[in-house]
Amino acid sequence: MVAPADISPTSDSQKLARARQIDARRKRNTRLYLLLPGLVIIGLFGLMPLSITLVYSFLKPGSYGGVEWVFSLDAYVQFFVERDIFDDTLSPNWAYISIFSRSIGLSFGATLGALILGFPTAYYIASKPAHQRNFWLFLITLPFWTNLLIRTYAMLIIIRDQGVINLALMNAGIIDKPISILYTDTAVFIGLIYSYLPFMVLPLYASLEKLDLRLIEAAYDLYASRFKVLTKIILPLAKPGIVAGCILVFIPGLGAYITPELLGGGKKLMIGNLIAIQFGSSRNWPFGSAAALILMAVVMLALLLYVRHGAKGARHG
Amino acid sequence: MAKRFDLRRQTGFSEIAWFCLFALYAPILMLVVFSFNDNRSVVKWTEFSLRWYYEAFDNDGIRAATAISLKLAFVSAFFGTIFATMAALATTRTKPYKGMYLAYAVINQPLMIPEIVTAIASLSLFALIKQLTGVTGIGYLMLAHTVFTIPFAYMPIRARLEDMTLTLEQAAADLYAPPTKVFWKVTFPLLIPGIVAGAMLAFVVSLDDVIITLMVAGPGETTLPIFILGAIRRGITPEINAVSTILLVASIVFVAIFFLVQKKRTK
């Protein structure tokens, strides 16, 4: 694209074309220099680690953590099947499959729970006058920016056996023994909804805010009931927001570490804890890497779904 | 007598909305209230006292962890914001060019991958580098934090840039200001609210990070959230409530600054 230097510009139009070319090249260079530091640091310390993980997942574990540089598919095999130590027969490894399916189930359940709570909330906020909306949004977003660990700890204090809920119920004479919620799937489920509810409300709000009131009015004119208006008009119009919100809750829920760690008490493992343990006490880095990649594959699938169906909705953030 | 028919109303929605607000804040408020309780209990109120705050301030572990957290957040937010500003300048107010969407995807990459995966991947890479070079230290943690602060700082800066028209810069150029002068005298001052907002978010996400720090941190690099996690595992005490409250207040202050600076933009 660069013009040979020996051609001297003769006409004004040629001079102009030349100047434009130089300008375009300068802009291109500036852009490159501006992007370089960010891209290099994310590339080196954000993307490259992932390729290391890929490599590690095909190696053998070292005895004291780390890896031994011997090719092996054990990590992946171990995830799905178990080799009998006596007769070498293979059987499905239910331990890991159940952790994985529990993670998907809990995360999916929490997504539904967050949708059931988040949709009415987002709708209510969208129906408020403009100045109140911002305040409500601020209140919903604020917990998201505060420490997840601390919020989970706050939840732990409330739902444990000696927590406020149980004490209040016992004082009121409704129950005489505390209901044990902590260290159960229910606790993790509640914790996940509590953690990621703001992720649901924000994209829902963004698509509900644009709702055309005339459509609702038309439906009422045609004798639709409130429920019919909700299911036939509002919900279909909010679909991009619903998909976006569900993805934004499902993905972090699936990879959750803190919530099951504190509220599941290390007994009700999710995939995030399983991965972390491999790099800690279990010292099986290849297996942890393989589990991480399997988790990432599920996440990518969910993201693909989002791009296909929900990307037209509001972008979060 | 009949109320005006409200098109938007749906039965029970306002109740659910208020319930959500209550459910989001009640646990946090409980935690804060009981940090001021003059008692070992975190559920039975006796008397107001700052006892647990004094104990927290006297705790060497907490003091050291706070110092490390602040240092880490300053360094990573500083570099993260600079890199994010540069990247935002290169990806906004221009015709789409080859590689722009790729650059966009790379910048947002840390947001798209589950944190636990990033955490163990970083641990693997850093362990390899440590093994090969023998270099240890807090630098690894700073690098890991800088990576994930970039997309958070990028978002508000990009939003601010997209709200700015090119007219002022064009006017400056028409008056023969060279490009660097246009940038420092026109673009940069206009962009400052976006940069401040981005820096606040970067600082908060670094300050609050648990999982990546937990995996990457070497011995003696305990940050405040990691200290709190360890303390919770050992048992619940009001001292944890006090430290947590301090960290909460810090986050809320920075996020409030973010919202205030952002609000100015729309005026």
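This report looks at the cysteines, one surface patch and one pocket of a predicted model.

Residues are numbered from 1 along each chain as its sequence is written, and chains are lettered from A in the order in which they are written. Local features need pLDDT of at least 70, and side-chain atom pairs count only at pLDDT 80 or more.

**Cysteines.** Over all chains there are 0 disulfides, a disulfide being a pair of cysteine sulfur atoms within 2.5 Å. The table shows two cysteines that are in no disulfide.

| Cysteine | Nearest cysteine sulfur | Distance |
|---|---|---|
| Cys246(A) | Cys20(B) | 14 Å |
| Cys20(B) | Cys246(A) | 14 Å |

Cys20(B) counts as buried, at 2% relative accessibility (buried means under 20% relative accessible area, exposed over 50%, partly exposed in between, with a 1.4 Å probe and protein chains only).

**Surface patch.** On the surface, Leu32(A), Tyr33(A), Leu36(A), Val40(A), Leu44(A) and Met48(A) make up a nonpolar patch with about 550 Å² of accessible area together. Patch residues have over 30% relative accessible area and no salt bridge, and nonpolar side chains are joined within 5 Å; a salt bridge is a side-chain nitrogen of Lys or Arg within 4 Å of a carboxyl oxygen of Asp or Glu. Met48(A) is partly exposed at 35% and sits in helix α1 (residues 12-56) of chain A, helices being DSSP runs (H or I) of at least four residues.

**Pocket.** The second largest pocket holds about 1600 Å³ of space. Here a pocket is an open set of points on a 1 Å grid with protein on both sides within 12 Å along at least five of seven lines, and lining residues have an atom within 4 Å of a point. Of its 36 lining residues, Lys27(A), Thr30(A), Leu34(A), Leu89(B) and Pro179(B) are the closest to its centre. Helix α1(A) gives the most to this lining, with 9 residues.

Methods: Side-chain values use heavy atoms; hydrogens and water are left out. Patches are made of residues with over 30% relative accessible area and no salt bridge: like charges are joined within 9 Å, nonpolar side chains (Val, Leu, Ile, Met, Phe, Trp, Tyr) within 5 Å. Accessible areas come from the Shrake-Rupley method with a 1.4 Å probe; for residues, only the protein chains shown count as cover. Helices (H or I, at least four residues) and strands (E, at least two) are DSSP runs, numbered from the N terminus. On a 1 Å grid over the protein atoms alone, a cavity is a set of points where a 1.4 Å probe fits but cannot get out, and a pocket is an open set with protein on both sides within 12 Å along at least five of seven lines; lining residues have an atom within 4 Å of a point. Grid points are joined across faces, edges and corners, and a volume is the space filled by probe spheres set on the points.
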